Every structure is written in C-alpha cells, then in structure tokens.
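Here are some worked exercises on helix packing and burial. Try each task on your own before you read its solution.

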Amino acid sequence: MIVTSQNMNILARLALENPDLLLHFLRSVDNSPDIVSRFVDKWAGQKVSPRQSSFH
Amino acid sequence: MGLTALLRTNDQEVLNNLGAIMNVWFNVLSEVKDNEGGEYTPLAPKFTPGGVLTTSALIYWRNEEEEEDSSDFGGTYAPSANDRRKRLFLQNDPVHTTNLLNFMKEHLALAQANIGGVDNFREVCLRNVDEALVDQMNTMFL
C-alpha cells in the first residue's frame, strides 16, 4: 500500500475516529502479517510537529 | 493524535511499536517546549468558572495572521461569512480542542489498564523501548 502524506491525513482522521476500523482496513487491503507494524513504523518515522500533524 | 488513538485498539502489533509512537510523542512535545509552550490567544476564548481557559500549542491553532486573506494586489480583506463558518468549524475540530499532553496520558493509562496494570504493561510493552526514552517521557508527563 502506498502511503502518501495526503492519504495519511485521511487515515489519521480515521484513526482518531475509529482506530479499530483503521486496523481492519489496513488488514483488508494488505494481507501481510506485519502490515500494522509496518504502517505504524512508517507513520511514526515521518517528521511530525504539532503544525504538520494537523489535518489541514 | 491518530497514532496515539491506535492505543485504544489494544492491538498487539500496535503495542509492539510503542517505542516508535513514544518517539513521536517526545519529538512533538519537545518541539512545543522549544517554542516556549506556543502560547497564543484563542480566537474565541472559552470562559470557565475559574476564568478564561488558557491555551497553548498543545491545543493547536494557526496564528491569527495566517487567517487574514490577501488579495492579488497585496492588500487584505475581512473574512467572508463562509470563511468565518469554516474557521468556526475547524476550531471545533478535536485537533484544536484536545490538549495533546492529556490525550497522550489518557491513552497511555488506557493501554496500561487494558493490558492488566502498570507492571504488566512495563513488562510486555516497554521491554523493547529505549529506557532513556521512557525516562524522558515520564519527565514530560509529570
């Protein structure tokens, strides 16, 4: 799954509203056993700040 | 906030990556501290029984200067009704109304409770997390 900053914002919003649904979504689009780990790792690896981590 | 919210799932894969999540917490909170807490005056101050609710970058909002629209000719103009509605809508967004530090603390406490207490949490989730990072986060959370 290609995670861009644009769809990351949408996924971040989904995580905030319904994190279980986000994990379900991730596992439904990619059946590799470590998809959640890779996703969290990639997300956490991005340079974030309070400003950049907002959704606008 | 999105990353932190994943702790609500109590998913083992998420908990295994707690170190990465805590790294983000530390970076974000450090940046806020570096900016002298990012204190600002909110557009619509909230009044509480104790007085006006103070805010900081832990509840993120853009500078008022950024809200002023500019024309092609270099001048500025007052925000339209649509702009004001949009701003009000965004101000009610959790991103702007949630204290980030409290949000992190609450989710950490929830994750600890879900896994059976602080000791169990430390043993299961923090075993792969850098001790120095855990100490730094403990200091931040004080």
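Angles between axes that are under 35 degrees count as roughly parallel, while those from 65 to 115 count as roughly perpendicular. Please keep in mind that this is a predicted model.

**Exercise 1. Taking stock of the two chains**

Task: Find how many helices and strands each chain has, and what share of its residues is buried.

Solution:
- Step 1. Start with chain A, where there are three helices and zero strands. Along the sequence the pattern reads α-α-α.
- Step 2. Move on to chain B, which has nine helices and four strands. Its elements follow the order α-α-α-β-β-α-β-β-α-α-α-α-α.
- Step 3. Turn to burial: 20% of the 56 residues of chain A count as buried, and in chain B buried residues make up 21% of 142.
- Step 4. For chain B, look at the contacts with a separation of 6 or more: 59% of them join residues 24 or more positions apart.

**Exercise 2. A helix pair across the two chains**

Task: Decide how helix 3 of chain A and helix 3 of chain B are oriented to each other, and list the residues that make their contact.

Solution:
- Step 1. Recall what is needed: two packed helices are described by the angle between their axes and the distance between the axes.
- Step 2. Read off both values: helix 3 of chain A and helix 3 of chain B have axes 9 Å apart, at an angle of about 20°.
- Step 3. Apply the cut-off: the two helices are therefore roughly parallel to each other. Their crossing is left-handed.
- Step 4. List the contact: A:V40, A:D41 and A:A44 come from helix 3 of chain A, and B:A20, B:I21, B:N23 and B:V24 from helix 3 of chain B.
- Step 5. Sort these residues by class, which gives five nonpolar, one polar and one charged.

**Exercise 3. A helix pair inside chain A**

Task: Work out the orientation of helix 2 of chain A and helix 3 of chain A, then say where the buried residues of helix 3 of chain A lie.

Solution:
- Step 1. The axes of helix 2 (residues 19-29) and helix 3 of chain A come within 9 Å and cross at roughly 115°.
- Step 2. Helix 2 of chain A and helix 3 of chain A are therefore roughly perpendicular to each other, and the crossing is right-handed.
- Step 3. On the helix 2 side of chain A the contact uses A:L23, A:L26 and A:R27, which meet A:I35, A:V36 and A:F39 of helix 3. Five of these contact residues are nonpolar, none is polar and one is charged.
- Step 4. Now pick out the buried residues of helix 3 (residues 35-45) of chain A: A:V36, A:F39, A:V40 and A:W43. Seen down the axis of helix 3 of chain A, they fall within an arc of 95°, so they line one face of the helix.
- Step 5. Check this against helix geometry: an α-helix has 3.6 residues a turn, so residues three or four places apart point the same way.

**Exercise 4. A helix pair inside chain B**

Task: Describe how helix 3 of chain B and helix 9 of chain B cross, and which residues meet there.

Solution:
- Step 1. The axes of helix 3 (residues 18-34) and helix 9 (residues 131-141) of chain B come within 10 Å, with a crossing angle of roughly 45°.
- Step 2. Helix 3 of chain B and helix 9 of chain B are therefore oblique to each other; the crossing is left-handed.
- Step 3. From helix 3 of chain B, the residues B:G19, B:M22, B:N23, B:W25, B:F26 and B:L29 meet B:L133, B:Q136, B:M137 and B:M140 of helix 9. Seven of the contact residues are nonpolar, three are polar and none is charged.

**Exercise 5. Three single residues**

Task: Classify B:V32, B:N10 and B:R127 as buried, partly exposed or exposed.

Solution:
- Step 1. B:V32 belongs to helix 3 of chain B. B:V32 is buried, because 20 other C-beta atoms lie within 10 Å.
- Step 2. B:N10 sits in the loop between helix 1 (2-5) and helix 2 (12-16) of chain B. B:N10 has 15 C-beta neighbours inside 10 Å, so B:N10 counts as partly exposed. The phi of B:N10 is near 55°, a positive value in a residue other than glycine.
- Step 3. B:R127 lies in the loop between helix 8 (118-124) and helix 9 of chain B. With 9 C-beta neighbours inside 10 Å, B:R127 counts as exposed.
- Step 4. Finish with a distance: B:R127 and B:G19 are 108 residues apart along the chain, and their C-alpha atoms are separated by 9.4 Å.

Conventions:
Residues numbered from 1 in each chain as written. Chains lettered and ligands numbered in written order. Predicted model: local features only at pLDDT ≥ 70, side-chain atom pairs only at ≥ 80, totals over all residues. Buried ≥ 20, exposed ≤ 12 C-beta atoms within 10 Å, placed from the backbone. Axes fitted to C-alpha atoms, helices over the stretch in contact; angles between N-to-C directions. Parallel < 35°, antiparallel > 145°, perpendicular 65-115°, else oblique. Left-handed = near helix turned anticlockwise from the far one by under 90°. Contact = placed C-beta atoms within 7 Å. Nonpolar A, V, L, I, M, F, W, Y, C, P; charged D, E, K, R; others polar. Arc of directions from axis to C-beta.
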